[in-house]
Amino acid sequence: MAAPGENLRINGDRLWDSLMEMARIGPGVAGGNNRQTLTDADAEGRALFRDWCEAAGCTMGLDSMGNMFARREGTDPDALPVYVGSHLDTQPTGGKYDGVLGVLSGLEVVRSLNDLGIRTRHPIVVTNWTNEEGTRFAPAMLASGVFAGQHDQDWAYARKDAEGKSFGDELKRIGWVGDEEVGARRMHAFFEYHIEQGPILEAEGVEIGVVTHGQGLWWLEVTLTGKDAHTGSTPMEMRVNAGLGMARITEAVHRIAMDHQPDAVGAVGQANVYPNSRNVIPGKAVFTVDFRSPDLGKLTSMRERLEREAQEIAGELGLGITIEPTGHFDPVEFDAGCVGAVRNAAERLGYSHRDIVSGAGHDACWINRVAPTAMIFCPCVDGLSHNEAEEITPDWARKGADVLFHAVVETAGIVE
């Protein structure tokens, strides 16, 4: 298909203004955002996105997981759409760009096509996937996982947050349950643009990351059961300390990841002890282990070793233990044709670029199972993300959106 001319660019100022306006919804306490999924702030952000899409001439579709699909028609009624997007939900202490950049850059592709009077053969659909972050309702990428057939919708609806509220009830409460069957849509291709969430591009002075692979992931929730007891009056040798078990398993997670270098990471990120009182030995600990690698063999080995060593640690300390998987996907290899379109776009525009592996999970990792998919990264300052201090520059945002524009429009086909 014909490629857009190298002189064609998106409107970088408009994209940046849109990012800043969306960031006013669900502000954080330190300059970022707290727009967690299925909250009132999420509903408000969705409404603003819908209004912008309709103003750009798109029609909005909504499925029963709350996934939003803004469609710009193509000239061929039989051509499958080219999808583009990411997510609008954030971490509790999230930044202004994680996910949002990809959604609003997709909208900017449509706006720029309108400005330039360009028609495409394939329709273009800008997507907001529900609950990518997984911080309120585990696992991450929940709705795109249902779309791709990895999760059952009833199971997803039953996911509960820390207050016992279910995903299905909260989606209904905020008014964003659609009638469309999840996963019924067919795609010609899918492109997701995102901040890197790591330090490589900025450190190397590279403008565009051409994402070739995504790391696989295991999230394992460990529950240790001991005995609550007074910290001052219980002899050391008579304690059944769940907090001590958590500490030893946390150290084991680090050691296991280090033993699988290179290309493997692991940490305990979410952790709670009970009753969480300063003078009570914890009788219970619940924490999540996060292992990731682009190598399936390493990923499997880390999980198996952790399960074995955690059982041994619990046994030595007299603790009860359960280990429950709460999130998983195998390593991802993105579509060669879509990756090539991204790489060609960066070269056509004269932007520096390099191939890169995504260290984080993204909706594209699930959609890759049902449609040809690729991702684009732009740098972020100090590689910082999932933090209110997350930052990018307007220039980085614009150049990545230019690459997205060219890759999407080339794939959708310009009508001369």
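Q: Between which domains does the largest cavity lie?
A: This is a predicted model: local features need pLDDT of at least 70 and side-chain atom pairs 80 or more, while totals for chains, interfaces and linings use all residues. Residues are numbered from 1 along each chain as its sequence is written, and side-chain values use heavy atoms, without hydrogens or water. Both domains (bounds from an automatic or database assignment) give residues to the lining, so the cavity lies between domain 1 (12-215 + 331-412) and domain 2 (216-329).

Q: What is the volume of the largest cavity?
A: A cavity is a set of points on a 1 Å grid over the protein atoms alone where a 1.4 Å probe fits but can't get out, and lining residues have an atom within 4 Å of a point. Points join across faces, edges and corners, and volume is the space filled by probe spheres set on them. The search of the whole structure turns up two cavities of 30 Å³ or more, and the largest has about 80 Å³.

Q: Which element gives the largest share of that lining?
A: The lining includes P139, H151, W219, H328 and W366. Strands here are DSSP E runs of at least two residues, numbered from the N terminus. Two or more residues each come from β7 (216-225) and β12 (320-329); the largest share, three residues, is from β12.

Q: How many charged residues line the second largest cavity?
A: This one holds about 30 Å³, and its lining includes D89, T90, D98, E133 and H386. Asp, Glu, Lys and Arg count as charged; Ala, Val, Leu, Ile, Met, Phe, Trp, Tyr, Cys and Pro as nonpolar; the others, Gly among them, as polar. The lining has no nonpolar residues, five polar and, as for charged ones, three.

Note on methods
1 Å grid on protein atoms, 1.4 Å probe; cavity = no way out; pocket = protein on both sides within 12 Å on 5 of 7 lines; lining within 4 Å. Helix = DSSP H or I, 4+ residues; strand = E, 2+ residues; numbered from the N terminus.
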